[in-house]
Structure formats: C-alpha cells, structure tokens
Amino acid sequence: MATRKNVQSLSAAERSAFVQAVRTLKANGAYDQYILQHVQAMARGTPPGTPSATRNAAHRGPAFLPWHREYLRRLELDLQQVSGDPDLGLPYWDWAADAALANPATAPVWNNDFMGGQGNPVTTGPFAFNPADPNGWTIIDSQGNPAGGLIREFGVNVSTLPSQANVNAVLNVTPYDTSPWSTASSPSFRNQHEGWIGAAGPGLHNRVHVWVGGSMLPGTSPNDPIFFLHHCFVDKIWADWQARNPSQGYLPVSGGPAGHNLNDAMFPWTATPADVLDHLALGYEYDTDQPPVGQPTMTSPPPGSELSGTTVPFQWTANGSPVAQWWFYAGSTQGASDLYNSGSLGTSLSEVVTGLPTDGRQLFARLWYRISGSWQFSDFPYTAMTSGTPTILNPPPGATLSGATVPFQWTANGSPVAQWWLYVGSTQGASDLYNSGSLGTSLSEVVTGLPTDGRQLFARLWYRISGSWQFSDFPYTAA
Ligand SMILES: [Cu+2]
C-alpha cells in the first residue's frame, strides 16, 4: 500500500527518491508518453464528434476526476517500478495551505531539493533548464517535439491560490455531477472542483494551473512535475468528499455522454469510473485517511448472553462515531423501555441497570445515540437471569426435627430477595408455633419453643421480591 503524503511531511530522502524516480521516467521516455496521453485525451471530444472544448475524455465532464485518478495511479506504479520501492506514493501539494502564506512562491514545495522555483525558463532545482546539460529538464510540445525549458510564472494570471475556505465549500457540494454533464453543470461537486463554477474566474483545480502559469497552462501541462502533485491533492479532495458523502455515488450511472458514464471505458484505457471509485482498492491511501467509522455497539455484557442478576453494569463503545449523547432502554419486547429507561446519559459509556427480572425471559437493550442532531439506535438481545425458588437448606425438608430449638438456614437460589420472614405452624401456612418478624436479608434463624410430640408441622418461608411477598412451605415432623 502506497501512502500519499503531504509534500511538507516528506523526509529529505523521500523528496530525493521521488525526484530521482521522475527523472528516471523522463530519461527512459515513459514520462513524455504521459504528457502526450494527456494531450490526446484533452483533444478527444466526448461523445465522439463533439468539440473537445465542450467536453473531452478527461476534462469538462464527470470523468474528470476518475480519468486523472487512473492517470496518476499509472504514473505512481511506474515510479514504484523504476525506484524499486513498491510503497512509493505520489506526494500531494496542499496549495490551499500555501494560499494562506504571505508569499506562496516561497513555500517549501518550491525548494531547490524538490520542485525548484519559478522562471522563464526555470533555472533552479532538479527540473532546471540548462541547454549545456544533457540531463537538464526539457519539455515537449503537443506533437512530442522538444520545446525548451520549463516555464513557471507564479501569480501572474491570477494573483491567489484557492483557499481552504474554497476547499471546505466544495466538500459540501452535492451531487457528484449533474446534467448537462459539462462546464455548465450546477450544483456539481465535479464541476466546482474542476473550477468552472463557484468562483470569480478560475476556481480550485483550474485556478492552480493558472496561478503556476507557463507550462501548466496548455494541454501539455504534465510537462511540469508539479502537475502530478497538484492533481494528487485534487484526487485527495475527491477521496475526502467521498468519505464525507458516503450516500453520494458517481453520476451519471448511464445515459450521459459516452466516455463519462459509470461503466464507460475512459480513453485511452479500458478502466471505467466504477473501477477507480475506491482508492484504497487501487492500492494507495492518503496520510489523512480516517479508519472507517463503525456503528456504536454494546461491549458488556456480550449481546445474546444471560444476565448475571437484577443489577447489571452495561458498557458500550461509539466505535469512532461522533456520538453527542446516549440513552439506554431495557424492555421485555424489542424497543420497549418497560424494564429500564436511563434518561439522558450525556457522553457516559456505561450505566448500571437495576431492577431487571430474573425469570429467564428474553429481553432487549436498546442503545440510543445522537449523532449530528439525530437519534439512532441499536438493539441487543439478552436473556434474563434464571433464578431458582428460595428454599430451606437445613433442616432438610421432610426431616424429623432434633428438639425444641432448631437452627433453620435457607438460600435465595439467585432470586433478588429483599426481605425474609419465617413462620412455623401446626397447619400449612399457620404461625401458631413461631413468627420470626422481619429477618431483613438474614439467611438463617434459630427457632425456639417447638413442640416435641412428633406431630406434623410446617415451616413457611416468606420472601419479598420487587416489592411483593411470596412464600414456600416445607413440612417437618416434630421431635
Ligand atoms: Cu488534466
């Protein structure tokens, strides 16, 4: 995976490796073929037979962005090959950042160890013109003939580079493109990004070509290596727009001008716009790409599990989503809040949920989360704890008692018993022989004054769960 970095984050070694790879491609002739490919695509009206100045294979139409994405990726693969570095990535020139400088002409991208400066011809840096040097950088005309040195005239034709505000504005433009799929399309992310609308004079992509001036103006503009750094940033803005507008696909899917529909081959290749929509799938990433944002989810208890009691701490995660507020329901049916309603939880990522049933029922947690002002939710199924009925452990039910004073012990068997009470009676449910009074949460009681005449008697164990009294009866034989 190649990482495309901001030119300002490159190390000196990375700057040198990139420049060297470009110069190697120039020396072996491949670089000039890229220039001619751009010239030819620009001269090819689409649909065929229409003026190229209205719309061509690579500009003034929807395929502008995918065409240049394919074009840059091909050059990047060639640079990887000649450099021997399969992870070499095209750097991008963030000209919006340079627009804020007092003098963008002296930005680091134009340093002598990278792109060199301006001039007619350029005489500094690795792409300087020197007729005496057989390795000096020369440019070609649209026929492929030598045409002297590179020319750059910063700020002559327009005084400013596009600003960050211009970039921010285009990132919010939808749809991707619209009829008539040309320089007249509006609103259109593609058309505004290409630079035909949304600005006084040339905007965004176009404006950068015009600001650099000289060799960056005609169809042979890839003569200047800054072309690729510029278009790398144009491509990054498209990738950022795609990430920000996941519901906005490429348009037109069909019915638009030939060469610009989603599944049309882009001249001179077989690649279609559909083939290049996912830049990660093409094998490169931008240094600012964010990991995919997941849906908020319950982390504990694990969804589908059996709960451990009536009081259960729940925990969740936003998975990277920008959640502004949480709310928690527990219900006997999906989406209900009959068992628990947390109220607003603010940005807390946990809640101790109380009063849950222990009857083994199916229940549901609904995690509500507010993102960008709108409430969404996810449901998670659980099984309530299955608790047994409280029971007397000692003496074992049915036993003959040992005397007039007998210690009794019992267990809640997992039930959420809040209070106990014990009767002993000569008949089932009676308390004529013993009435403990409230035992609180004690799990034992020493019963005194029992008869020793061998009669049948009954212990009734009362227990209060969720405010209601229940009981179980246990028979014994008196000593
Ligand atoms: Cu172009």
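I took helices (H or I, at least four residues) and strands (E, at least two) as DSSP runs numbered from the N terminus, and I counted two strands as paired if DSSP finds at least two bridges between them. I kept in mind that this is a predicted model, in which local features need pLDDT of at least 70 and side-chain atom pairs count only at pLDDT 80 or more, while totals for chains, interfaces and linings use all residues. Residues are numbered from 1 along each chain as its sequence is written.

**Strands.** I looked first at strand 15 (residues 456–465) and strand 16 (residues 468–477), which pair in the antiparallel sense over 10 bridges. Tyr-463 has Gln-470 in strand 16 as its bridge partner, and Trp-420 stands opposite Tyr-463 in strand 15. Strand 12 (residues 417–425) is joined to strand 15 by eight bridges and runs antiparallel to it. I then traced the open sheet, which is formed by four strands in the order 13-12-15-16 with antiparallel pairing. Strand 13 (434–435) and strand 16 are at the edges with a single partner strand each, so one side of each has no neighbour in the sheet.

**The hairpin.** I noted that two residues lie between strand 15 and strand 16, and that Ser-466 takes a positive phi near 50 degrees there. I called a residue buried if 20 or more other C-beta atoms lie within 10 Å of its own, exposed if 12 or fewer, and partly exposed in between, with C-beta atoms placed from the backbone. Ser-466 counts as exposed, with 12 C-beta neighbours inside 10 Å.

**Trp-181.** I found a second positive phi, near 55 degrees, at Trp-181, a residue other than glycine, which sits in the loop between helix 5 and helix 6. Trp-181 is buried, with 24 other C-beta atoms within 10 Å.

**Cis bonds.** I checked the peptide bond from Asn-120 to Pro-121, which is cis with omega near 0 degrees; Pro-121 is in the loop between helix 4 (95–99) and helix 5 (164–171). Ser-186 and Pro-187 are also joined by a cis peptide bond, with omega about -5 degrees, and Pro-187 lies in the loop between helix 5 and helix 6 (189–194).

**Helices.** I compared helix 8 (residues 226–244) with its expected span, which is 1.5 Å times one less than its number of residues: its 19 residues should span 27 Å, and its end C-alpha atoms are 27 Å apart, which agrees. Of those 19 residues 15 are buried, so helix 8 is largely enclosed by the rest of the structure. Helix 3 (residues 64–83) is followed by Gly-84, with a positive phi near 75 degrees.
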